[in-house]
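Work through the exercises below with the sequence and the structure at hand. Each task is followed by its solution in steps.

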Amino acid sequence: MPLFQLGLTIMPETGVSVGGSGHTGTRADNTILRDGQERPIMPASQVKGRLRHACEALVRAAGIPTCRPPNPEQVCPQDLSITNPPCLICSLFGSPWHASVLQFQDLVQESLFEAIRPGIGVERRRGIVQERLLFLTETTAPGSELFFYNAQAITGNLAAKEQALLLLAGLHSIRQWGGAKSRGLGWATLDCEARWNDQIIELDQDGKGELAEWLKTAIAS
Ligand SMILES: [Zn+2]
């Protein structure tokens, strides 16, 4: 089956808070996740989770039913036979009974620059700022020179080129990464270098057209 490979760069426009409280040795409430070399990372699990959610939204918007994890009654059934194939989303991202065809890897920020960003705690019910809730959130510093990257962020064997196009469309629909989104963190642009079956795959006009046609066929079947 043809190989899909995607190099992904996430370029923060604001600071990105990639969660994980409970770390010690920092003043911040929410610390940045780091790899073994102390480099900030965007964890593979977050990329996978966000991308699955984004692709579900696109597929549903095209009128194709998909299952709705994690509710067990609303996910693809255990019997994923030829006569009972998984939904379009589970066929890519897997289900409790069906391995994902995709592998995700952490994105790594090569630079060690970081900023302690003062945050204001808002008591949401009353909508007022309370001084005692003043806290600090450790984030990656904004700036175009900083980015999260992995040349092999997503890899896997995909039967159809349109599956690769769906993944690209999903990625481009995600505007915010990391936690603390309500505080305006995590806005980012991204850059994808995708290859499928040794071809460069781009979500240009032709790519968008092919994806739309494929989704129409998927409704019909
Ligand atoms: Zn499913």
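**Exercise 1.** In this predicted model, classify Leu211 as buried, partly exposed or exposed.

Solution. Begin with the count: 21 other C-beta atoms lie within 10 Å of Leu211. The cut-off for a buried residue is 20 or more such atoms. Leu211 is therefore buried.

**Exercise 2.** Place Leu211 in the secondary structure and state which residues it touches, leaving out those up to four places away in sequence.

Solution. Leu211 belongs to helix α4, which covers residues 205-220. With residues up to four places away in sequence left out, the contacts of Leu211 are Glu162, Leu165, Leu166 and Ala169. Take Ala169 from that list: Ala169 and Leu211 are 42 residues apart along the chain, and their C-alpha atoms are separated by 8.9 Å.

**Exercise 3.** Describe how strands β1, β3 and β4 pair with β9, giving the sense and the number of bridges for each.

Solution. Start with β1 (residues 3-12), which pairs with β9 (residues 148-157) in the antiparallel sense over seven bridges. Next, β3 (residues 102-104) runs antiparallel to β9 and is joined to it by three bridges. Last, β4 (residues 107-109) pairs with β9, again in the antiparallel sense, over two bridges.

**Exercise 4.** Find the residues in β9 that stand opposite Thr9, Gln103 and Gln109.

Solution. For Thr9, the bridge partner in β9 is Tyr149. Gln103 faces Thr155 of β9. Gln109 has Phe148 as its bridge partner in β9.

Methods: Residues are numbered from 1 along each chain as its sequence is written. This is a predicted model: local features need pLDDT of at least 70, side-chain atom pairs count only at pLDDT 80 or more; totals for chains, interfaces and linings use all residues. Two strands pair if DSSP finds at least two bridges between them. Helices (H or I, at least four residues) and strands (E, at least two) are DSSP runs, numbered from the N terminus. A residue is buried if 20 or more other C-beta atoms lie within 10 Å of its own, exposed if 12 or fewer, and partly exposed in between; C-beta atoms are placed from the backbone. Two residues are in contact if their C-beta atoms, placed from the backbone, lie within 7 Å.
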